[in-house]
Amino acid sequence: MNFLDQLRGAAHQNQSLLCVGLDPEPSRFPGDLKGDASRIYDFCARIVDATADLAIAFKPQIAYFAAHRAEMQLEQLVQHMHRNAPHVPVILDAKRGDIGATATQYAVEAFERYGADAVTLSPFMGFDSVEPYVKYEGKGAFLLCRTSNPGGDDLQAQRLASVPGEPLLYEHIASLVQGPWNLNGQLGLVVGATYPAEIERVRTLAPTAPLLIPGVGAQGGDAAATVKAGWRPDAPIIVNSSRAILYASDGNDFEAAARREAMRTRDVLEAAKTG
């Protein structure tokens, strides 16, 4: 099954647009897990089990694992997700962006070592930095387009005078993903929930591309505005919330609290589709 079919299946089965981001910070772990980096897998696996019927995808952020020498725990976690929630795809948030042989090795890392179904990439070095990933049949890649951080304006909101129509850089990336770069329908775009007008603009330029939308929850993005701007019946969106779900409680009830917050966010997103 290819990545897009997985997304559609999870969206239908779980009635969800919600992606649960896995950004484990041991200093914020609850109860007897607090401060113990050797328990990253335990914490994340329990979050996965609590939200597996509410999510369209899971998105582990590789830096939160690598910083604590927890790459083996990440491998275990992805195996756990595939085993316990096989209908929910895994997006490895790695934001890789290199060329040639190095990009090929990063693709091996994402898809063979960790077993991810999709990965996030930076498009700054051009299509040959993306191509090694799309050689993996059925896998997905999300290219950074209009990110949720304020500093995104520094480059993404600049005009390209050498391109017909002088689009903003993020607009040009959206057009490339909708058009010549998306050879096998494997590419999507990362667009931050903090910029709903830009989400709508990206959706206009890339009407069928899946959009991975971080920034709902702790970053303050408006869930309803996000869905209104980006969701279309034939164009999936994956709306990520990480810290608001992971750290909904600092007590021993953290799994139940995470589930409640995930359900609340899932329901808000679903209501916005018809609101």
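Where does Q6 lie? Q6 lies in helix α1. The structure described here is a predicted model.

## Q6 and its surroundings

Q6 has a relative accessibility of 12%. The cut-off for buried is under 20%, so Q6 counts as buried. Beyond its neighbours within four places in sequence, Q6 is in contact with M1, H87, P89 and D117.

## The sheet

Eight strands form an open sheet with parallel pairing. Their order is β2-β1-β8-β7-β6-β5-β4-β3. Two strands, β2 (57–60) and β3 (91–96), are the edges, and each pairs on one side only. On average, neighbouring strands are turned by 30 degrees against each other, direction ignored.

## Strand β6

How many residues of strand β6 are buried? Strand β6 spans residues 187–191, and five of the five are buried. The strand is therefore largely enclosed by the rest of the structure. Its side chains split between two directions. L187, L189 and V191 point one way, while G188 and V190 point the other way. Residues on both sides are buried.

Strand β6 has β5 on one side and β7 on the other in the sheet order. Five bridges join β5 (residues 140–146) to β6, and the two run parallel. Across this pairing, R146 stands opposite V191. β6 and β7 also pair in the parallel sense, over two bridges. Here L189 has L211 of β7 as its bridge partner.

## From β6 to β8

The path from β6 to β7 includes a helix. β6, helix α9 (residues 196–205) and β7 make a right-handed β-α-β unit.

β7 (residues 211–213) is joined in turn to β8 (residues 237–241) by three bridges. These strands run parallel. L211 is bridged on this side too: its partner in β8 is I237. L211 thus has L189 as a bridge partner in one pairing and I237 in the other. Helix α10 (residues 223–230) lies across β7 and β8. The helix runs at about 160 degrees to β8.

## R146 and two tyrosine rings

Which rings does the charged end of R146 sit over? One is the ring of Y170, with the charged end 5.8 Å from the ring centre. Another is the ring of Y195, at 4.1 Å from the centre. R146 is the residue that stands opposite V191 in β6.

## Aromatic pairs

The count of aromatic pairs comes to seven. One of them is F29 with F43. The ring centres are 4.3 Å apart and the planes lie at 25 degrees. Planes under 30 degrees apart count as stacked, so this pair is stacked. F29 is in the loop between β1 and α2 (40–51), and F43 is in helix α2. The pair links distant parts of the chain, 14 residues apart. F29 counts as buried at 1% relative accessibility. F43 counts as buried at 0%.

F43 also forms a stacked pair with Y247. This pair has 5.9 Å centre to centre and 10 degrees between the planes. Which parts of the chain does the pair tie together? F43 lies in helix α2, and Y247 lies in the loop between α11 (243–246) and α12 (254–274). The pair therefore ties together parts that are 204 residues apart in sequence. Y247 counts as buried, with 12% relative accessibility. Ring pairs link F29, F43, Y247 and F254 into a cluster.

## Two loop residues with positive phi

Most residues other than glycine have a negative phi. Q15 has a positive value, near 50 degrees. Its place is in the loop between α1 (3–14) and β1 (18–22). Is Q15 buried, partly exposed or exposed, and at what relative accessibility? Q15 counts as partly exposed, at 43%.

E166 has a positive phi as well, near 45 degrees. This residue is in the loop between α7 (153–156) and α8 (169–178). Its relative accessible area is 40%. Partly exposed covers values between 20% and 50%, so E166 is partly exposed.

How values were computed
Residues are numbered from 1 along each chain as its sequence is written. This is a predicted model: local features need pLDDT of at least 70, side-chain atom pairs count only at pLDDT 80 or more; totals for chains, interfaces and linings use all residues. Side-chain values use heavy atoms; hydrogens and water are left out. Helices (H or I, at least four residues) and strands (E, at least two) are DSSP runs, numbered from the N terminus. Buried means under 20% relative accessible area, exposed over 50%, partly exposed in between (1.4 Å probe, protein chains only). Rings of Phe, Tyr and Trp (its six-membered ring) pair if their centres lie within 6.5 Å; planes under 30 degrees apart count as stacked, over 60 as edge-to-face and the rest as tilted. A charge sits over a ring if NZ of Lys or CZ of Arg is within 6 Å of the ring centre and within 35 degrees of the ring normal. Contact means heavy atoms within 4.5 Å. Two strands pair if DSSP finds at least two bridges between them. Axes are lines fitted to C-alpha atoms, for helices over the stretch in contact, and angles run from 0 to 180 degrees between N-to-C directions. A crossover is right-handed if, with the strands pointing away from the viewer, the path from the first strand over the helix to the second runs clockwise.
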